[in-house]
Amino acid sequence: MIPTIHPRDIIDRLDVVSRSAIWAVLASSCMAFVVFDWLVPEVGTGPLYIPLIALAGWRLGPRAACGVALVAAFLNILPIHGFDAGLSPLAATVRAVVRLGAYAFVVATVCVLRRVYERERYAARHDALTGILNRASFEAHAHLALGGCAANGSVTVLALADIDGFKSVNDTSGHAEGDEVLIRLALAGVAAIGWGDRFGRLGGDEFVFLLQSSTVAAAVSRVETIHRRLRDGLSGSRHHIGVSMGALVVSPGTTLDWATAIREADRLMYVAKRAGTGGVRVESFGGSTVCRSTAAGADEAPLAAA
């Protein structure tokens with residue numbers, strides 16, 4: 001059975017090609033078309049430039065597409081061989097206008113489609129309220145990160161955060177006020193993460209982090225820092241709310257699937273909730289055991305390793 005190739009797969013593969021590689025393809029193709037046009041002038045290479053213009057517009061933007069279109073029009077207008085030399089000035093001008101107009105249409109169409117594609121792709125991957133990753137997009141990143149823990153040598157952390165007292169906000173002040181609380185926490189989370197980290201909303205008032213650290217100790221420190229930043233972000237609210245967090249530290253060399261990881265992070269979060277409002281619980285999966293459970297306003301428990 002022939003496997004189905006989805007257009008999205010082709011686009012995703014094209015989007016990872018470097019800009020320098022795209023320019024190399026465009027330049028070499030134009031040179032090849034010039035040589036072909038010189039060898040076989042009766043055929044004409046005008047339509048062959050359309051895919052190049054479309055490629056430039058899709059990957060390099062409108063300016064690059066316009067530049068490629070002008071080059072293509074010039075190469076088609078310039079009488080580089082005898083077959084074109086017999087054209088009258090009027091015929092050459094009309095042909096130039098027609099081809100340039102066709103190329104301009106391709107540029108405009110491809111660039112508009114690219115903008116629409118980017119807008120729809122962003123909407124499909126991000127939470128509509130907070131602007132952070134939605135569940136499906138975050139899971140895709142988590143599958144790759146957790147599956148590569150055994151090979152990349154870094155410590156991976158999956159942390160689940162839940163707003164304490166969020167239901168009372170919706171019940172007493174309405175969902176609009178609840179949305180403000182969610183946005184406030186999302187902004188604090190975005191400000192707390194670093195390059196390469198992932199932050200998403202699973203649904204409701206549950207948020208999730210995917211972090212990378214060099215050591216287990218550094219991972220625990222990062223979790224505590226993020227938890228503190230989230231609490232600070234909610235402190236400006238007029239509601240009596242907090243945030244509990246459970247974090248699973250995955251050591252290098254450990255293979256773990258998403259379902260197991262999120263289940264463990266969820267369990268740790270509820271352990272933190274039972275320990276007191278605004279607590280955090282951190283444990284490792286595979287390797288040394290790390291346990292830290294704190295509650296807002298309480299003294300931090302000592303870090304234990306087994």
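Which residues of helix 2 are buried? Keep that in mind while you load the model and set up the view.

**Before you start**

This is a predicted model, in which local features need pLDDT of at least 70 and side-chain atom pairs count only at pLDDT 80 or more, while totals for chains, interfaces and linings use all residues. Residues are numbered from 1 along each chain as its sequence is written, and side-chain values use heavy atoms, with hydrogens and water left out.

Colour by secondary structure to begin: the protein has twelve helices and seven strands. These are DSSP runs numbered from the N terminus (helices are H or I, at least four residues; strands are E, at least two). Of the 306 residues, 42% count as buried, where buried means under 20% relative accessible area, exposed over 50%, and partly exposed in between (1.4 Å probe, protein chains only). Contact here means heavy atoms within 4.5 Å. Among contacts between residues at least 6 apart in sequence, 65% join residues at least 24 apart.

**Stop 1: helix 2**

Select residues 19-39, which form helix 2. Helix 2 has 21 residues and spans 30 Å from its first C-alpha to its last, close to the 30 Å expected at 1.5 Å a residue; the expected span is 1.5 Å times one less than the number of residues. Now for the opening question: the buried residues are Ile-22, Leu-26, Ser-29, Cys-30, Phe-33 and Asp-37. Look down the axis of helix 2 and these buried residues fall within an arc of 105 degrees, so they line one face of the helix. The arc is that of the directions from the helix axis to the C-beta atoms. An α-helix has 3.6 residues a turn, so residues three or four places apart point the same way. Swing to the other side of helix 2 to find Ser-20, Met-31, Trp-38 and Leu-39 exposed.

**Stop 2: helix 3 against helix 2**

Add residues 49-59, helix 3. Helix 2 and helix 3 pack at an angle of about 165 degrees, with axes 11 Å apart. Axes are lines fitted to C-alpha atoms, for helices over the stretch in contact, and angles run from 0 to 180 degrees between N-to-C directions. The two helices are therefore roughly antiparallel to each other (angles under 35 degrees count as roughly parallel, over 145 as roughly antiparallel, 65 to 115 as roughly perpendicular and the rest as oblique). To view the contact, show side chains including Ile-22, Leu-26 and Phe-33 of helix 2 and Leu-52, Leu-55 and Ala-56 of helix 3.

Helix 3 is mostly covered, with eight of its eleven residues buried; Tyr-49 and Trp-58 are among them. Just after helix 3, click on Gly-61, which has a positive phi of about 105 degrees.

**Stop 3: Val-110**

Next, pick Val-110 in helix 6 (residues 89-125). Val-110 is buried, with a relative accessible area of 13%. Leaving aside neighbours within four places in sequence, Val-110 is in contact with Ala-54, Gly-57 and Trp-58. Try a distance label too: the C-alpha atoms of Val-110 and Ile-53 are 8.7 Å apart, with their positions 57 residues apart along the chain.

**Stop 4: Leu-248**

Finish at Leu-248 in strand 4 (residues 242-250). Leu-248 is buried, with a relative accessible area of 2%. Not counting residues up to four places away in sequence, Leu-248 touches several residues, including Thr-156, Leu-158, Leu-268 and Phe-285. Ala-261 is another of these contacts, and the C-alpha atoms of Leu-248 and Ala-261 are 7.2 Å apart in space.
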